[in-house]
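Visitor: I would like a close look at a single part of this model, and then at the parts that can be compared with it. Please keep the account plain.

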Amino acid sequence: MERIMLLEDDHSLIDGLSYALKKQGWDVTVASTLLEASECFRDHLYDLLILDVSLPDGSGFDFCKRVRQASDVPILFLTASDEEANVVMGLDIGGDDYVTKPFKLSILISRIYALLRRRKKSMDQEASIVSNGVTLSLMQGMAYKNGQALALTSAEFRLLRYLMQNPNRVLTKEMIYEHLWEGNFVDDNTLSVYIRRLRLKIEDQPEHPKMIVTVRGMGYKWSVKA
């Protein structure tokens, strides 16, 4: 049974949402403050975090930053705003997806299933990919550059894996969207954020990338020299 943490301070939403999640067969822990969430996360392992952005003692963004220091667990944000700046911020600090309030329960459930499926697929892999001094341990869900561990989010790891599994092949944005987000709508800003973050973490000169190369008008490719 997958375990989910719901960080939300709107009690009228908590009751209905936690009930709906439990009906799907998930084990749900509810926290209404950052302090409660920190204590829960310290004491238990979770398969997914659902984080409200606005909280009485801070922001879901703050909690995401703390989590990303130690874990690549999938994170889905609940936000009352669909403004581009807030969406990009959530993804930029390590979020994997977001749903804007008010939302349809069926859409939220679908997004949760998609994130859990991707996590399971990643954990079921047992091979490694080595290229350009970068090593992906698919079983561990970890990436290393020249032997040093890289702090990647689960979404960044999946993107890097997809690129490295297709060396010197141009992957269109549509192909990447379908592979990483399973057809769910995302915009170009979302993908650009992940590409920029990956370059900062793996390229020697992120402003002049040699590994993750932009193919103008088409997409991106993992460039490997013969």
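In which loop is Asn146 found?

Guide: This is a predicted model, and what follows describes that model. Asn146 is found in the loop that links strand E10 (142-145) to strand E11 (148-150). Phi of Asn146 is near 50°, which is a positive value in a residue other than glycine. Most residues other than glycine have a negative phi. Asn146 also counts as exposed, because its relative accessibility is 61% and the cut-off for exposed is over 50%.

A second asparagine can be set beside it. Asn132 has phi near 55°, again a positive value in a residue other than glycine. Its place is the loop between strand E8 (128-131) and strand E9 (134-137). The relative accessibility of Asn132 is 32%, so Asn132 counts as partly exposed; that class covers values from 20% to 50%.

The strands around Asn132 can be described further. E8 and E9 run antiparallel and are joined by four bridges. Together they form a hairpin with two residues between the strands, and Asn132 lies in that turn. At the E8 end of the turn, Ser131 has Val134 in E9 as its bridge partner. In a regular strand the side chains alternate between the two faces of the sheet. E8 shows such an alternation: the side chains of Ile129 and Ser131 point to one face and are buried, whereas those of Ser128 and Val130 point to the other face and are not buried.

One more loop has a backbone feature to note, this time in a peptide bond. The bond from Lys101 to Pro102 is cis, with omega near -10°. Most peptide bonds are trans. Pro102 sits in the loop between strand E7 (97-100) and helix H5 (105-124).

Next comes a sheet with a helix across it. Strands E12, E14 and E13 form an open sheet in the order E12-E14-E13, with antiparallel pairing. Its edge strands are E12 (171-172) and E13 (212-215), each of which pairs on one side only. E13 is joined to E14 (residues 219-222) by four bridges, and these two strands run antiparallel. Val215 stands opposite Gly219 in E14.

Helix H6 lies across E12, E13 and E14, and runs at about 70° to E14. H6 covers residues 154-164 and is mostly covered itself, as 11 of its 11 residues are buried. Among these buried residues are Phe157, Leu159, Leu160, Tyr162, Leu163 and Met164. Glu156, Arg158 and Arg161 are also on the list of buried residues in H6.

The last part is a pair of helices. Helix H2 (residues 34-43) packs with helix H3 (residues 60-67) at an angle of about 25°, and their axes are 10 Å apart. That angle makes H2 roughly parallel to H3, because the term applies to angles under 35 degrees. The crossing of the two helices is right-handed. On the H2 side the contact involves Leu34, Ala37, Ser38 and Phe41, which meet Asp62, Phe63, Arg66 and Val67 in H3. Sorted by class, the contact has five nonpolar residues, one polar residue and two charged residues.

To return to the starting point, Asn146 is an exposed residue with a positive phi, in the loop between E10 and E11.

Notes
Residues numbered from 1 in each chain as written. Predicted model: local features only at pLDDT ≥ 70, side-chain atom pairs only at ≥ 80, totals over all residues. Heavy atoms only, no water. Axes fitted to C-alpha atoms, helices over the stretch in contact; angles between N-to-C directions. Parallel < 35°, antiparallel > 145°, perpendicular 65-115°, else oblique. Left-handed = near helix turned anticlockwise from the far one by under 90°. Contact = heavy atoms within 4.5 Å. Nonpolar A, V, L, I, M, F, W, Y, C, P; charged D, E, K, R; others polar. Buried < 20%, exposed > 50% of the residue type's maximum accessible area, 1.4 Å probe, protein only. Pairing = 2+ DSSP bridges.
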